[in-house]
Structures are given as structure tokens and as C-alpha cells.
Amino acid sequence: MDEINVTLAEMSGLGRVWLCECNSIHLSIGPVTVTLAPEAFLQTASMVRYAMEQLAVIVAAKEVAGDPMQGFEPQHSRFTN
């Protein structure tokens with residue numbers, strides 16, 4: 001069997017997502033790594049996308065004081081170099 005180790009996404013200072021030979025997707029954010037089956041990863045991505053949509057609705061309706069997304073830029077994390 002060919003060895004698989006493919007980085008799917010990476011953000012300096014935050015973490016990365018990669019596929020390995022065990023056919024799992026690893027999501028690493030700071031010091032925490034979550035290992036998911038591909039189906040669970042897809043469900044997780046859908047859940048996060050839905051959460052972002054809900055947050056946008058809340059912000060647009062001004063139900064949240066201030067804009068929690070204001071100034072959102074990738075930042076270096078205190079968890080990683």
C-alpha cells in the first residue's frame with residue numbers, strides 16, 4: 001500500500017488539516033488534534049459552515065452588541081509557532 005500523507009489545508013499560527021495512510025482526516029488547531037473519518041469531517045465542516053451562517057444572521061440583525069467579526073484576520077496563535 002502506498003503511503004499517504006497529504007496536507008489539505010494549513011494556516012500558519014493556527015493549524016492544519018491532513019489526510020494520512022489510515023484514511024483519516026486529522027484537524028489540528030494549536031495543541032489539539034482531532035482525528036475524523038472522512039464522513040465525520042464532512043459533517044463537521046457542514047456544521048461549522050451552518051454556525052457561520054447563523055452568526056452572520058445574528059450580526060446582521062444587530063442582536064449582538066458590536067461586530068464579533070470586526071478585525072477578523074488570521075493571527076498567530078499562542079499555541080503554535
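# A tour of the four-stranded sheet and its helix

Start with the sheet: four strands form an open sheet in the order E1-E2-E3-E4, paired in the antiparallel sense. E1 and strand E4 (32–36) are the edge strands. Each has a single partner strand, so one side of each is left without a neighbour in the sheet. Ignoring direction, neighbouring strands of this sheet are turned against each other by 15° on average. Keep in mind that this is a predicted model.

**The whole chain**

Now colour by secondary structure. The protein has one helix and four strands. Followed along the sequence, they give the pattern β-β-β-β-α. The protein has 81 residues, of which 14% count as buried. Take the contacts between residues at least 6 apart in sequence: 18% of them join residues at least 24 apart.

**Stop 1: E1 and E2**

Select residues 5–11 for strand E1. Add residues 15–20 for strand E2. These two strands pair in the antiparallel sense, over six bridges. Three residues lie between the strands of this hairpin. Click on glycine 13 there: its phi is positive, near 85°.

Go next to alanine 9, in strand E1. Which residue of E2 stands opposite alanine 9? It is valine 17. Leave aside the neighbours within four places in sequence, and alanine 9 is in contact with Arg16 and Val17. Is alanine 9 buried or partly exposed? It counts as partly exposed, because its relative accessibility is 40% and the buried class ends under 20%.

Draw a distance from alanine 9 to leucine 27. They are 18 residues apart in sequence, and their C-alpha atoms are 9.4 Å apart in space.

**Stop 2: arginine 16 and tryptophan 18**

Show the side chains of arginine 16 and tryptophan 18. The charged end of arginine 16 sits over the ring of tryptophan 18. The distance to the ring centre is 3.8 Å. How many aromatic pairs does a search of the whole structure find? Zero.

**Stop 3: the loop from E2 to E3**

Move to serine 24, in the loop between E2 and E3. Serine 24 has a relative accessible area of 14%, so it is buried. Its contacts, leaving aside neighbours within four places in sequence, are Trp18, Leu19, Thr35 and Leu36.

**Stop 4: histidine 26 in E3**

Select residues 25–29, strand E3. Histidine 26 is found here. Is histidine 26 buried or exposed? Buried, because its relative accessible area is 11% and the cut-off for buried is under 20%.

Now show what surrounds histidine 26. Residues up to four places away in sequence are not counted. Histidine 26 touches Arg16, Val17, Trp18 and Cys20, and also Thr33, Val34 and Thr35. With which side chain does the side chain of histidine 26 make a polar contact? With that of threonine 35, at 2.9 Å.

**Stop 5: E3 and E4**

Keep E3 on screen and add E4. The two pair in the antiparallel sense over five bridges. For one of these, select leucine 27: its bridge partner in E4 is valine 34. E3 and E4 form a hairpin with two residues between them. Glycine 30 is in the turn, with a positive phi of about 55°.

Valine 32 is found in strand E4. Valine 32 has a relative accessible area of 48%, so it is partly exposed. Draw a distance from valine 32 to glycine 15: C-alpha to C-alpha, they are 9.1 Å apart in space. In sequence they are 17 residues apart.

One rule helps when you look along any strand. In a regular strand, side chains alternate between the two faces of the sheet.

**Last stop: the helix**

Finish with residues 38–60, helix H1. Which strands does H1 lie across? It lies across E2, E3 and E4. Its direction is at about 120° to E4. Zoom out to see this helix together with the open sheet in the order E1-E2-E3-E4.

Technical notes: Residues are numbered from 1 along each chain as its sequence is written. This is a predicted model: local features need pLDDT of at least 70, side-chain atom pairs count only at pLDDT 80 or more; totals for chains, interfaces and linings use all residues. Side-chain values use heavy atoms; hydrogens and water are left out. Buried means under 20% relative accessible area, exposed over 50%, partly exposed in between (1.4 Å probe, protein chains only). Contact means heavy atoms within 4.5 Å. A polar contact is a pair of N or O atoms within 3.5 Å; within protein, one must be able to donate a hydrogen and the other to accept it, and residues adjacent in sequence count only if both atoms are side-chain atoms. Two strands pair if DSSP finds at least two bridges between them. Axes are lines fitted to C-alpha atoms, for helices over the stretch in contact, and angles run from 0 to 180 degrees between N-to-C directions. Rings of Phe, Tyr and Trp (its six-membered ring) pair if their centres lie within 6.5 Å; planes under 30 degrees apart count as stacked, over 60 as edge-to-face and the rest as tilted. A charge sits over a ring if NZ of Lys or CZ of Arg is within 6 Å of the ring centre and within 35 degrees of the ring normal.
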